[in-house]
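Subject: Structure handover

Hi,

Here is the structure we discussed, with my notes below it. Please open it alongside the text.

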Amino acid sequence: MSNFVDYVKIHCKSGHGGAGSAHLRREKYIPKGGPDGGDGGRGGHVIMRGNAHEWTLLPLRYTRHIKAERGKNGQKSQLTGAYGEDVYIDVPLGTIARNEEGEIIAEIMEDGEEIIIMKGGQGGKGNEHFKSSTNQTPRYAQPGMEGDEGYVIFELKLLADVGLVGFPNAGKSTLLAAVSAAKPKIANYAFTTLTPNLGIVDYRNYKSFVMADIPGIIEGAAEGKGLGHRFLRHIERNSILLFLIPADSESHFQEFKILENELKEYNPELLDKDFIISISKADLLDDELRTEIAQEFPENKKPIFFSAVTQEGLVELKDAIWEQLHG
């Protein structure tokens, strides 16, 4: 079972507001003390909170229900009831919360950021609020308001500097393993990577950037074929995209255009991102073949050749990525 979870659905309920008090003051030397009922306390909120130490929604996988505490009732002597305790849902940075209609209700991008996704019910007013010249001893108070209730969908979109885009078997996992300490599963068959992997890539002078190996694209992924939207949602959050086309592809430029089209079909804004085209497995090519492949591409989209196996071209690739990120 994978320990990477990027989608959970939880039934959430904020706290019911406490009832107001209808107490009448009765003391030995104050025969007509009048109303002194306090307000009810607010019900607890359901709050989504960013946690930079989390990288998956796995801790929430088996959580079916989350319920905040009810507000306490108002008391005599105009004492307001205690607020219900808020419930916090810790999520990785890049998590979106949607309601049952699919509308985004919250988006967490910073560590410690807190967003109320369901407000607790307001506490009812005590009878002290309802006294007037014509009604000096009101014997009623407001009940507390209901809290919110419903399903919330939490969806994680990975935050990374570089997202690797390519067909299955393009060499994305091999590249990530070669340039970072990440250890993705690698094998010679399609869809080895079923969940995204993140790796920290060391650069010159103790600098670094984050690279995400995202499950491979197949034609029709934007319509949900293969792993479909599961990987495309993660690409949205990457600063730049690195297209990987294997040296043994039948048509390198055509493969790039198919990948580009899948991104466009899913979300046209993805094509506004900066990108780099690379040819992986370059150890399979001689100089003549490299020249032929490079000529397939327009002048402004010339690919970078590299081999994760022999390490050839990796320094130039990292230089190009750093320049795009900080140029």
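At the start of α4, a side-chain oxygen of D286 comes to within 3.2 Å of the backbone nitrogen of E288. Keep in mind that this is a predicted model.

Helix α4 covers residues 287-296, and R290, I293 and A294 are buried in it. Viewed down the axis of α4, the buried residues fall within an arc of 100°, so they line one face of the helix. What do the buried residues of α4 pack against? The partners are α3 (252-266), β13 (274-280) and β14. On the face turned away from the buried side, α4 carries E288 and Q295, both exposed. E288 is thus named twice here: its backbone nitrogen faces the D286 oxygen, and its place is on the exposed face.

Next, S307. This residue sits in the loop between β14 (304-305) and α5 (314-326). Is S307 buried or exposed? S307 has a relative accessible area of 0%, so it counts as buried. Its side chain has two polar contacts to look at. One joins S307 to the side chain of D283, at 2.9 Å. Another runs from the S307 side chain to the side chain of T310, at 3.1 Å. Leave aside the neighbours within four places in sequence, and S307 is in contact with A282, D283, E312 and L314. D283 therefore appears in both the polar contact and this contact list, where S307 is buried at 0% relative accessible area.

Helix α1 comes next. It spans residues 172-179, and its buried residues are K172, S173, L175, L176 and V179. Down the axis of α1, these fall within an arc of 160°, so they line one face of the helix. The cover over them includes β9 (160-165), β10 (197-202), β11 (208-213), β12 (238-246) and α5. The helix α5 is also the element that follows the S307 loop.

Now the sheet. In what order do the five strands of the open sheet lie? The order is β3-β1-β8-β5-β6, and the pairing is mixed. β3 (65-67) and β6 (104-108) stand at the edges with a single partner strand each, so one side of each has no neighbour in the sheet. From one strand to the next, the twist averages 25°.

Some of the pairings in detail:

- β1 (residues 7-13) and β8 (residues 149-156) run antiparallel, joined by seven bridges. K9 stands opposite I153 in β8.
- β5 and β8 are also antiparallel, with four bridges. Here A97 stands opposite F154 in β8.
- β5 and β6 pair in the antiparallel sense over four bridges. I96 stands opposite E107 in β6.

β5 and β6 also form a hairpin, with five residues between the strands. In that turn, G102 has a positive phi of about 90°.

Which way do the residues of β5 (residues 95-98) point? T95 and A97 point one way, I96 and R98 the other, and all are buried. So A97, opposite F154, and I96, opposite E107, point to opposite ways from the strand.

Best wishes

Terms used
Residues are numbered from 1 along each chain as its sequence is written. This is a predicted model: local features need pLDDT of at least 70, side-chain atom pairs count only at pLDDT 80 or more; totals for chains, interfaces and linings use all residues. Side-chain values use heavy atoms; hydrogens and water are left out. Two strands pair if DSSP finds at least two bridges between them. Helices (H or I, at least four residues) and strands (E, at least two) are DSSP runs, numbered from the N terminus. Axes are lines fitted to C-alpha atoms, for helices over the stretch in contact, and angles run from 0 to 180 degrees between N-to-C directions. Buried means under 20% relative accessible area, exposed over 50%, partly exposed in between (1.4 Å probe, protein chains only). A polar contact is a pair of N or O atoms within 3.5 Å; within protein, one must be able to donate a hydrogen and the other to accept it, and residues adjacent in sequence count only if both atoms are side-chain atoms. Contact means heavy atoms within 4.5 Å. The arc is that of the directions from the helix axis to the C-beta atoms.
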